[in-house]
Amino acid sequence: MRIVFWNVKRKDLTNLVCDMAAENEAAIVVLNECKLPIGDTLGALKANVDNRFFIPESNSEDRFQCFCKYPTLDLSEVHKGFRTSVRRLKLGNRIALLGLVHGVDIRNYDAETRQAYAQSLADEIRFVKTEQATNHLILLGDFNMNPHDRGMNLAMGLNAMMTKECVKAGDRTFLGKQYEFYYNPMWSLQGDGSDGPAGTVYDTSSQGPYGWNMLDQVIVNHSIVDDFRGIEILTQAGPNRLTDARGRPDATSASDHLPIVVTLKGVTP
C-alpha cells in the first residue's frame with residue numbers, strides 16, 4: 001500500500017498530483033498547503049486516476065487534503081489539532097493510526113521554538129494513543145525539522161531514531177519516565193550516500209543553513225516497524241520533472257518541496 005504526501009505550497013499542481021498518484025498506484029494521497037477547493041482535486045483524481053477515490057470524513061481540510069481509494073482503509077479522523085489530524089487506518093489485519101503533521105516553519109520560527117513545538121506534538125500524540133488504545137502510529141507530513149534536529153530525537157520530543165535496530169528496545173527511560181521509540185527512515189535518504197535527491201527542500205536562509213533539508217518525513221512507531229516497506233523522494237510526475245537543472249526542487253513549475261511516497265505492508269482491495 002502506498003501513500004503519497006506533498007506540500008504543494010498553495011499552488012494548483014493538480015495535474016502533477018494525478019500523474020504521481022497514477023504512477024505510484026497510490027492508495028492514499030495527502031496534500032499539505034493546498035488552497036484549491038478539495039472537491040476540485042477529488043474530481044481530478046476520479047477523472048484521471050481512479051473513480052474510486054473519495055474524501056474521508058474530517059474537519060481538517062483547511063490544513064490537509066486527504067484522499068483515499070479504498071473505503072476499507074477507513075481514514076476517518078479521530079483527532080484534530082491545530083496543526084495535526086489523526087486518522088484511523090486499517091493496516092492489514094489490524095487498526096493503526098495515521099497522524100498528519102504540519103510543523104511550524106523554519107523561516108519564521110527559530111530552532112528552539114520548533115523544538116518546543118515537537119515536544120508539544122509528542123504530548124498530543126501520546127494523548128491520542130491513550131485515547132484510541134493503540135500505539136500503532138505512523139506520523140507523516142512536513143515537520144519543518146530535519147531528522148537530526150533535537151525535537152525529532154529527544155526522548156521528550158518525537159524520540160525518532162535512525163535505524164530499525166535502534167528502536168528494537170521499544171522505549172527508553174528519561175528522568176524516570178518511559179518514552180516510546182519511533183523509526184525514522186528519512187535518515188537513510190539524507191545527503192549524497194543514497195540514490196535520489198539529498199532532501200526534500202533546498203534552503204540556504206538563516207534558518208536553513210544545511211542547503212538540503214529533509215523537512216518532509218515519515219516516522220513509524222516501534223510496534224509496527226515490520227509494516228514499513230520503503231520510502232522514496234519523488235523527482236518526477238508523469239513526463240514532468242519536479243527538479244531544476246541542479247537537481248533541486250523546481251519551485252517555478254512545481255513546489256519548493258519534493259513529494260514523498262511511503263510503502264506499507266497491507267493488502268489493498
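Here is a short chat about a predicted model.

Biologist: Which strands stand at the edges of the open five-stranded sheet?

Modeller: Start with the strand order, which is β3-β2-β1-β18-β15, with mixed pairing. The strands at the edges each have a single partner strand, so one side of each is left without a neighbour in the sheet. That picks out β3 (64-68) and β15 (228-233).

Biologist: What does the twist average from one strand to the next?

Modeller: Step along that open sheet in its order, β3-β2-β1-β18-β15. From one strand to the next, the twist averages 15°.

Biologist: Which residue in β3 is the bridge partner of Val-29?

Modeller: Val-29 has its bridge partner in β3, and β3 pairs with β2 (residues 28-32). The two run in the antiparallel sense, over five bridges. The partner of Val-29 is Phe-67.

Biologist: Which helix packs on the sheet, touching β2 and β3?

Modeller: Helix α1 (residues 14-23) lies across β1 (2-7) and β2, running at about 160° to β1, so to speak of β3 we need another helix. That one covers residues 38-48, and its direction makes about 30° with that of β3. The helix is α2.

Biologist: Is Leu-258 buried or exposed?

Modeller: Leu-258 sits in the loop between β17 (240-241) and β18 (260-264). Its contacts beyond four places in sequence include Trp-6, Pro-197, Trp-212 and Ile-233. Its relative accessible area is 1%, and the cut-off for this label is under 20%. Leu-258 is therefore buried.

Biologist: What separates the C-alpha atoms of Leu-258 and Val-4?

Modeller: Along the chain, these two are 254 residues apart. In space, their C-alpha atoms are separated by 11 Å.

Conventions
Residues are numbered from 1 along each chain as its sequence is written. This is a predicted model: local features need pLDDT of at least 70, side-chain atom pairs count only at pLDDT 80 or more; totals for chains, interfaces and linings use all residues. Side-chain values use heavy atoms; hydrogens and water are left out. Two strands pair if DSSP finds at least two bridges between them. Helices (H or I, at least four residues) and strands (E, at least two) are DSSP runs, numbered from the N terminus. Axes are lines fitted to C-alpha atoms, for helices over the stretch in contact, and angles run from 0 to 180 degrees between N-to-C directions. Contact means heavy atoms within 4.5 Å. Buried means under 20% relative accessible area, exposed over 50%, partly exposed in between (1.4 Å probe, protein chains only).
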